[in-house]
Amino acid sequence: MCVLPLLSVILIVESIETDAAEDKKPTGTRSDYSDPETGEHEVLVNVMNHRQGSTSTSKLENLPAELRSQILSSIPDLASLRSLVRASPVLHAQYLYDRAGILCSCMERELDGFVLDAYALLTSRVRYIGSPRTDEKIKDFLEGYGDWISGSKPYLSVSEMHPSSLRWIAAYHLSVARPLAQRYARWANANLTLTDLEFSLAATSLPRGVKRSPQGSWDDEQMEAGASDVTLSRSEEIRIFRALYRYDTFYHLFGQNRGIRMSTEFLRYNINEMFCGLFDPWEVEAIGTIDLFVREKYHKIFTEVTWDLSDENPRFHQDGRFDPSDSFNLEGEYDYYMDGTVARGLELTSKLLAVKGHENLVAKMERCLTHSDEMDYRLNQVLSFVAQADRRDELPSFPTARDEAEQRRDPLEFAGDSIPPDGPPLGWCLLWSKKYANIYGQLVPEPFRRTGYVIWDAERWEALPCDLRKLIAKIWADDPKTLEWVQATCDWSWSPVE
C-alpha cells in the first residue's frame, strides 16, 4: 500500500488540529527524542484504550494502529514528526510504542548525506572518547574518522545505532543543528546580497535604507534581522549540516567541554594536518565560514552586555560596597572571552541566540562567559595562513596528494550540485580559476567567505544580476594582502585573478 499520497491528504486535514494542539501544549517539556524509555505495556494499553472507546473526530487518530505506525514511519523529516506527535496524545502513544522503528526510518532520511558526520559528533563526546582527553586519544579518534571517510573502516549506520544514541542525535539535530542552519543561511544570504549590491553599485550610490558603517562596510544588521527564512535546496542544506557537525566535532576534541584536557604537544599546524586534512579544501572552508558566523553573532552579544557586566556599572557599587565578583572585563579581555566562549561549542551558541530580552541575555551571559584556556585550540588559528604555511614547511607529510594536485595545477571543473554533494561547489571552482587549490581560511578574502560561497548551488549564483567572475576578480583586487599571502604560501607564479 502506498502511504505517502494518503499521508499528504491526512496532514492537510490535521493541520488545524495540529496548530490548536501546539497552543495547548504545556511549556518547559523536553523533547520526546531525549526522554527515557516509556514502559511498553503502559503505552500499549493507552493505544488499545483509544481504539476501543475513542470519540475523536480526527481521521488520522481513528485509523488502525498499524496504519498510524506506518504513516509516522513515512514522515519526511524530524520537525514534521515532532509536530505531529505533539499534536495528538494518540499519535504520541503510538510513537512511543513503535519509537525505535519510527525514529530510525525518519533519521535515515533526515541524516542522508551527513550521517557519518553525525556519528563522528556523537562519538567525539566525553562519554565515548573518555576523560582526560590526551593527545593520543584525539589522534586515535581522528585516525578512525579518516578511516570512516575513506571507507576502509565501517561506521554504524542509522539502523545499527543504539536507540539512546539515535535519540541524542535527533535531539541535537532539532535543537542545535536545524535552528543554526537557518540562522547561518540568513546571515550568509544577506552578506551575499550585500556583496552583490556593493559590486553592482560600485559604491557610487546606496539603496534606500542601506548605510555604510564608519569602517566602510555595508551596515547589514538591519537587513539580516529583517530577512525571512532562506529556502535551501537539499544539496545546500547538506553542505551546511556537514559544516556544523564537523565544526562542533572540532570543539569536542580541541575546545572546552565536559571532559578534562591533558597537557598537549600539538601545534596549530599539527591540528591543521590532522583535522583539516580529513576533508576536501572546500569542505574545510565551509567549516571556517561557520566560525565567522558564530564569532560575529557573539560579537553582537558581547557588545550588548559589555556595560551590564562591567565592574564600573553602578549595580556592582551598592550600599557603599564594591562587589565585582559577577563582573567581566569584556573590553580589556575581549579576545580571551571570545575564544573561550566559542570553544564551548554550538549547543551554547544555539541557546544564546534564542534568548529573548536584554535582562535575560545578561543573566545568561553571566553564567556562560568562559575565559580561554591555554590548552584550547581555536579554529581560526588552525585556518590561519601561518598554520597553513608551517604545515608545508615543517611537516614531513608535505606534499600530500592534495598538495601535489595543487602543484600540478590540476583542473577542477564544476560537475553540478548532486545530492549528496560530492564535488566542489561552483563558487570554489571560480575562486581558484578552475584549478585545484589546497588552501582556505585566512588565504581567502574574508568578504567572500562571509557570503557562504562554498554552500550555495549554481542556481543561486546564476540568479544574481552580476557576473560572478568579475565579482571574484574585484574581491581579489580589493584585498592585495591576501593575494600576496596566497602566492607566498603556495609558491605560485600564477595569480588566481588570472
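The following questions and answers walk through a predicted model.

The model is predicted: local features need pLDDT of at least 70, side-chain atom pairs count only at pLDDT 80 or more, and totals for chains, interfaces and linings use all residues. Residues are numbered from 1 along each chain as its sequence is written, and side-chain values use heavy atoms, without hydrogens and water.

Trainee: How many helices and strands does the protein have?

Mentor: Helices (H or I, at least four residues) and strands (E, at least two) are DSSP runs, numbered from the N terminus. By that rule the protein has 2 strands and 25 helices.

Trainee: What percentage of the residues count as buried?

Mentor: Buried means under 20% relative accessible area, exposed over 50%, and partly exposed in between (1.4 Å probe, protein chains only). Of the 498 residues of the protein, the buried share is 51%.

Trainee: Which residues touch the most other members of the largest nonpolar core?

Mentor: A nonpolar core is a set of buried Ala, Val, Leu, Ile, Met, Phe, Trp, Tyr and Cys residues joined through side-chain atoms within 4.5 Å. The largest one holds 134 residues. Helix H10 (residues 163–201) gives the largest share of this core, 14 residues. The residues touching the most other members are Leu142 and Trp432.

Trainee: Which tryptophans does tryptophan 432 touch, not counting residues up to four places away in sequence?

Mentor: Contact means heavy atoms within 4.5 Å. On that basis tryptophan 432 touches Ala437, Ile439, Leu443, Val444, Val486 and Pro496. The tryptophans it touches are Trp476, Trp492 and Trp494.

Trainee: How is H4 oriented to H5?

Mentor: The axes of helix H4 (residues 78–87) and helix H5 (residues 89–97) come within 5 Å and cross at roughly 120 degrees. Axes are lines fitted to C-alpha atoms, for helices over the stretch in contact, with angles from 0 to 180 degrees between N-to-C directions. Angles under 35 degrees count as roughly parallel, over 145 as roughly antiparallel, 65 to 115 as roughly perpendicular and the rest as oblique. H4 is therefore oblique to H5.

Trainee: Which residues of H5 make the contact with H4?

Mentor: H4 brings Leu81, Leu84, Val85 and Ala87. H5 brings Pro89, Leu91, His92 and Tyr95.

Trainee: Where is proline 420, and what is the omega of the bond from isoleucine 419?

Mentor: Proline 420 is in the loop between helix H20 (401–407) and helix H21 (426–431). Most peptide bonds are trans. The bond from isoleucine 419 to proline 420 is cis, with omega near -5 degrees.

Trainee: Which residue forms a cis peptide bond with serine 131?

Mentor: The partner lies in the loop between helix H8 (126–129) and helix H9 (135–150). Omega is about 5 degrees, and the residue is proline 132.

Trainee: What is the phi of arginine 409?

Mentor: Arginine 409 sits in the loop between H20 and H21. It is partly exposed, at 34% relative accessible area. Most residues other than glycine have a negative phi. Arginine 409 has a positive phi, about 55 degrees.

Trainee: Is arginine 242 buried or exposed?

Mentor: Arginine 242 belongs to helix H12 (residues 234–254). Leaving aside neighbours within four places in sequence, its contacts include Asp117, Glu283 and Pro420. Its relative accessibility is 10%, so arginine 242 counts as buried.
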